[in-house]
Amino acid sequence: MLIPCPYCGLRDAHEFTYLGDATGVRPDPAAPDAAEEFYQYIYLRDNPAGEHAEWWYHGAGCRSWVKVVRDTNTHEIKSAEPAKSEKKL
């Protein structure tokens, strides 16, 4: 699989480390039900088929985080953008 790094261009997936789902939102630790929310956030993950947003780290290249939208059935990369373009980062 080839991943289009926004800084380095098209690179082999072996240069990257997969972090996981880029759609999850970290629960508020001050919320009254924080323990249950964190349990679900950490352990109860979906395994979607089809288009999915993921975090990848380009450790063997520019050492940047990349948000990749990939089809999990075909591994076709739909888009890749720098993680710092996310508002929460």
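**Entry 1. His58 and its surroundings**

I began with the contacts of His58, which touches Cys5, Cys8, Arg11, Glu15, Phe16, Arg63 and Ser64 when residues up to four places away in sequence are left aside. I note here that the model is predicted. I then placed His58 in the loop between β4 and β5. Is His58 buried or exposed? I found a relative accessible area of 0%, so His58 is buried.

I looked next at Gly59, which is found in the loop between β4 and β5. I recorded Gly59 as partly exposed, because its relative accessibility is 37%, which lies between the limits of 20% and 50%. I also checked Gly59 against His14: the two are 45 residues apart in sequence, yet their C-alpha atoms are 9.5 Å apart in space.

**Entry 2. Positive phi values**

I looked up the backbone angles with a general point in mind: most residues other than glycine have a negative phi. Arg63, one of the contacts of His58, has a positive phi of about 60° although it is not a glycine. I located Arg63 in the loop between β4 and β5. Its relative accessibility is 62%, so I entered Arg63 as exposed.

I made a second entry of this kind for His75, a residue other than glycine with a positive phi near 65°. His75 is found in the loop between β5 and β6, the latter strand being residues 77-82. I recorded His75 as partly exposed, with a relative accessible area of 43%.

**Entry 3. Aromatic pairs**

I turned to the rings. How many aromatic pairs does the structure hold? I found 5 aromatic pairs. For the pair of Phe38 and Tyr41, I noted ring centres 6.4 Å apart and planes at 90°, so this pair is edge-to-face. The distance falls within the 6.5 Å limit for a pair, and the angle is over the 60 degrees required for edge-to-face. Phe38 and Tyr41 are 3 residues apart in helix α1 (residues 34-43), so about one helical turn separates them. I entered Phe38 as buried, because its relative accessibility is 19% and the limit is under 20%. Tyr41 is partly exposed, with a relative accessible area of 28%.

I then examined the pair of Tyr39 and Tyr43, whose ring centres are 5.4 Å apart and whose planes stand at 45°, so the pair is tilted. Tyr39 and Tyr43 are 4 residues apart in helix α1 and are separated by about one helical turn. I noted Tyr39 as partly exposed, at a relative accessible area of 42%. Tyr43 counts as exposed, because its relative accessibility is 59%.

I also recorded a cluster in which ring pairs link Phe16, Tyr18 and Trp56. Phe16 is one of the residues that His58 touches.

**Entry 4. Arg45 and the largest pocket**

I returned to Tyr41 and looked for a charge over its ring. Arg45 lies over the face of Tyr41, at 5.2 Å from the ring centre.

I then looked up the pockets. The largest pocket has a volume of about 490 Å³. Which residues of its lining are the closest to its centre? I listed Asp21, Gly24, Val25, Tyr41 and Arg45, out of 20 residues that line this pocket. The Arg45 and Tyr41 of the ring contact are therefore both in that list. 

I noted that β3 (17-21), α1 and β4 (51-57) each supply at least two residues of the lining of the largest pocket. β3 gives the most, with 3 residues. By residue type, I divided the lining of the largest pocket into 10 nonpolar, 5 polar and 5 charged residues.

**Entry 5. The second largest pocket**

I found about 180 Å³ of space in the second largest pocket. Its lining is made up of Tyr18, Leu19, Gly20, Asp21, Arg45, Asp46, Asn47, Pro48, His52, Glu54, Arg70 and Thr72. Which elements give two or more residues to this lining? I noted β3 and β4. β3 gives the most to the lining of the second largest pocket, with 4 residues. I divided these lining residues into 3 nonpolar, 4 polar and 5 charged.

I made a last cross-check of residues named in earlier entries. Asp21 and Arg45 are among those closest to the centre of the largest pocket, and Asp21 and Arg45 also line the second largest pocket. Tyr18, listed in that second lining, belongs to the cluster with Phe16 and Trp56.

Key:
Residues are numbered from 1 along each chain as its sequence is written. This is a predicted model: local features need pLDDT of at least 70, side-chain atom pairs count only at pLDDT 80 or more; totals for chains, interfaces and linings use all residues. Side-chain values use heavy atoms; hydrogens and water are left out. Rings of Phe, Tyr and Trp (its six-membered ring) pair if their centres lie within 6.5 Å; planes under 30 degrees apart count as stacked, over 60 as edge-to-face and the rest as tilted. Buried means under 20% relative accessible area, exposed over 50%, partly exposed in between (1.4 Å probe, protein chains only). A charge sits over a ring if NZ of Lys or CZ of Arg is within 6 Å of the ring centre and within 35 degrees of the ring normal. On a 1 Å grid over the protein atoms alone, a cavity is a set of points where a 1.4 Å probe fits but cannot get out, and a pocket is an open set with protein on both sides within 12 Å along at least five of seven lines; lining residues have an atom within 4 Å of a point. Grid points are joined across faces, edges and corners, and a volume is the space filled by probe spheres set on the points. Ala, Val, Leu, Ile, Met, Phe, Trp, Tyr, Cys and Pro count as nonpolar, Asp, Glu, Lys and Arg as charged, and the others, Gly among them, as polar. Contact means heavy atoms within 4.5 Å.
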